[in-house]
Amino acid sequence: MKRVLLALAALMMLNSTVAQTVVGDATLPNNKTYESHELILNGAGLREKLWFDLYAAGLFLEKKNDNAAAIVAGDEAMAIHMVILSRLISKKKLIGAFKEGFENTNDEAVIKKLQPKIDKFISFLGNDEIGIGDKYDVIYTKEKGNELFKNGKLLGAIEGLEFKKALFNIWLSKEPVDDDLKDDMLGL
């Protein structure tokens, strides 16, 4: 009986590890469900600075795709799931990184047009301190727009496909926040 239970436990552990991807010190699921959208992990990687792993991030899509421009332009459900890995990420630094990300990956006309929405999105980050292991989900769906979650709690939402393009450009544009992370999320 003990052998059967041990074999069953080993099989259950094997099944749970197959359904996850380890990235640095983070474990990301291979599938996520947002509302009625079943999304799969397209790819995952680390955002690094010098020799520090700042966060792990995974790109979730309805179907695998390695075309960054098509992903950003598409009006389909998608998400980026981030797990904070370093104490170097503070609330102030995360807000600054998003501001810089919007500015550096979108042209000036887009920024000017979307500035009120960008400011509102960034304000969602200002309520709580950030700790190692915190999880952020940036989710886009046609139904709800662009939602930001921290540890499963909705921080806020911004409507619009144009905002989605500017937001996901941070990671997937021609000049992303991190080229290696972009390639990893595209599965390249």
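**Surface patch and cores of a predicted model**

Student: Which residues make the nonpolar surface patch of about 510 Å²?

Tutor: This is a predicted model, where local features need pLDDT of at least 70, side-chain atom pairs count only at pLDDT 80 or more, and totals for chains, interfaces and linings use all residues. Residues are numbered from 1 along each chain as its sequence is written, and side-chain values use heavy atoms, without hydrogens and water. Patch members have over 30% relative accessible area and no salt bridge (Lys or Arg side-chain nitrogen within 4 Å of an Asp or Glu carboxyl oxygen); nonpolar side chains (Val, Leu, Ile, Met, Phe, Trp, Tyr) are joined within 5 Å, like charges within 9 Å. Areas are Shrake-Rupley values with a 1.4 Å probe, and for residues only the protein chains shown count as cover. The patch is made by Leu50, Trp51, Phe52 and Leu88.

Student: Why does Trp51 count as exposed?

Tutor: Trp51 sits in the loop between β4 (37-49) and β5 (52-61); strands are DSSP E runs of at least two residues, helices H or I runs of at least four, numbered from the N terminus. Exposed means over 50% relative accessible area, buried under 20%, partly exposed in between (1.4 Å probe, protein chains only). Trp51 counts as exposed because its relative accessibility is 69%.

Student: Which helix gives the largest share of the largest nonpolar core?

Tutor: A nonpolar core joins buried Ala, Val, Leu, Ile, Met, Phe, Trp, Tyr and Cys through side-chain atoms within 4.5 Å. Of the 41 residues in the largest one, Phe98, Phe102, Leu167, Trp171 and Leu172 touch the most other members. The largest share of this core, seven residues, comes from helix α5 (residues 161-172).
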